[in-house]
Amino acid sequence: MMGESIVREAFCCFVIDKNANLNYNSPVFVPYEIKTFFERSDNMRTETLKRQADMYCEQWQAINTFYEDYAKSVGHSYTSLQTLSLIANNDGKCTQAFICERTFLPKQTVNTIITGFLKQGLIRLVEMPENRRMKQIHLTEQGLAYTSKVLPKLREAELKGMGGLDEQQRETLIALTSLYVSSLRESTNEEKED
């Protein structure tokens, strides 16, 4: 009950004349002015959330732009460089299905990228014994030489970027980004259930 009286007093300080007679034992009465205050407060919170979400998305887009610009500088699209990096980091364990799963790219897009790499001589496909329709993707000697020139520069930039933060900032960045992603997933799952 103590919390209730604090709430009543907080409500009252906004709208009740100091000379007014107030019975604290009556049910909480929320005048129009208080409702308006909280509606404005909710609107301000919503506007703040919108502004912050936009600011975060701008930063996320700046990261994507960095990767797109680097990919273009080495003659690739963002998606083809991302695919090449996955192949290089998972040589022999990589399939088109794996690439689709990790990049969220459609099968047709991945197939087009893989076909291009085959024509360039960067990769070779090896049938998997347990499923002949699936093929493991391996870098060729030419592919190994090419990725050893292109990918380390990108990795070095990523490490320099992280190195610009101290240990606690890096951990906070990772933790808060993970929390944000989880929150996004939860909110989209809630929408699906409704």
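Among contacts in the chain between residues at least 6 apart in sequence, 41% join residues at least 24 apart. The model analysed here is predicted. Its secondary structure amounts to seven helices and two strands, arranged along the sequence in the pattern α-α-α-α-α-β-β-α-α. Of the 194 residues in the chain, 21% are buried.

The search for open space in the model rested on a simple principle. Rolling a probe the size of a water molecule over the atoms shows where empty space is left. The largest pocket has a volume of about 1600 Å³. Its lining comprises 31 residues, and those that lie nearest the centre are Trp60, Ile63, Asn64, Tyr67 and Tyr78. Several helices contribute to this lining: α2 (32–73), α3 (78–89), α4 (96–103), α6 (141–163) and α7 each provide at least two residues. The largest share, eight residues, is supplied by α6. By residue class, the lining of the largest pocket consists of 18 nonpolar, nine polar and four charged residues.

The second largest pocket holds about 260 Å³ of space. Its lining is formed by Thr95, Gln96, Ala97, Cys100, Lys107, Asn111, Leu125, Asn131, Arg133, Met134 and Lys135. At least two of the lining residues come from each of α4, α5 (107–120) and β2 (131–139). The strand β2 gives the most to this pocket, with four residues. The lining of the second largest pocket divides by class into four nonpolar, four polar and three charged residues.

Helix α4 thus supplies residues to the lining of the largest pocket and to that of the second largest pocket. Within α4, the residues Phe98, Ile99, Cys100 and Thr103 are buried. The spacing of such positions can be read against helical geometry. An α-helix has 3.6 residues a turn, so residues three or four places apart point the same way. The buried residues of α4 pack against α3, α5 and β2. One of these buried residues, Cys100, is also part of the lining of the second largest pocket.

Just after α4, the backbone at Phe104 adopts a positive phi of about 65 degrees. Most residues other than glycine have a negative phi, and most peptide bonds are trans. Phe104 therefore has a positive value in a residue other than glycine, against the general tendency for phi. This residue is located in the loop between α4 and α5. Because the relative accessibility of Phe104 is 71%, the residue counts as exposed.

Aromatic side chains were examined next. A pair of aromatic rings is described by the distance of the centres and the angle of the planes. The count comes to four aromatic pairs. One of them joins Tyr56 and Tyr180 in an edge-to-face arrangement, with 4.7 Å centre to centre and 65 degrees between the planes. This pair links distant parts of the chain, since Tyr56 belongs to helix α2 and Tyr180 to helix α7, 124 residues apart. Tyr56 counts as partly exposed because its relative accessibility is 29%, and Tyr180, at 29% relative accessibility, is likewise partly exposed. The rings of Phe66 and Tyr67 have centres 5.1 Å apart and planes at 75 degrees, and this pair is therefore edge-to-face. With a relative accessibility of 37%, Phe66 counts as partly exposed.

Tyr56, Trp60 and Tyr180 form one aromatic cluster. Trp60 is, in addition, among the residues that lie nearest the centre of the largest pocket. Two members of this cluster, Tyr56 and Trp60, are in contact with Thr177 when the neighbours of Thr177 within four places in sequence are left aside. Thr177 lies in helix α7, which spans residues 167–193. A relative accessible area of 19% falls under the 20% limit, so Thr177 is classed as buried. The side chain of Thr177 reaches the backbone oxygen of Leu173 at a distance of 2.7 Å.

Conventions: Residues are numbered from 1 along each chain as its sequence is written. This is a predicted model: local features need pLDDT of at least 70, side-chain atom pairs count only at pLDDT 80 or more; totals for chains, interfaces and linings use all residues. Side-chain values use heavy atoms; hydrogens and water are left out. Buried means under 20% relative accessible area, exposed over 50%, partly exposed in between (1.4 Å probe, protein chains only). A polar contact is a pair of N or O atoms within 3.5 Å; within protein, one must be able to donate a hydrogen and the other to accept it, and residues adjacent in sequence count only if both atoms are side-chain atoms. Contact means heavy atoms within 4.5 Å. On a 1 Å grid over the protein atoms alone, a cavity is a set of points where a 1.4 Å probe fits but cannot get out, and a pocket is an open set with protein on both sides within 12 Å along at least five of seven lines; lining residues have an atom within 4 Å of a point. Grid points are joined across faces, edges and corners, and a volume is the space filled by probe spheres set on the points. Ala, Val, Leu, Ile, Met, Phe, Trp, Tyr, Cys and Pro count as nonpolar, Asp, Glu, Lys and Arg as charged, and the others, Gly among them, as polar. Rings of Phe, Tyr and Trp (its six-membered ring) pair if their centres lie within 6.5 Å; planes under 30 degrees apart count as stacked, over 60 as edge-to-face and the rest as tilted.
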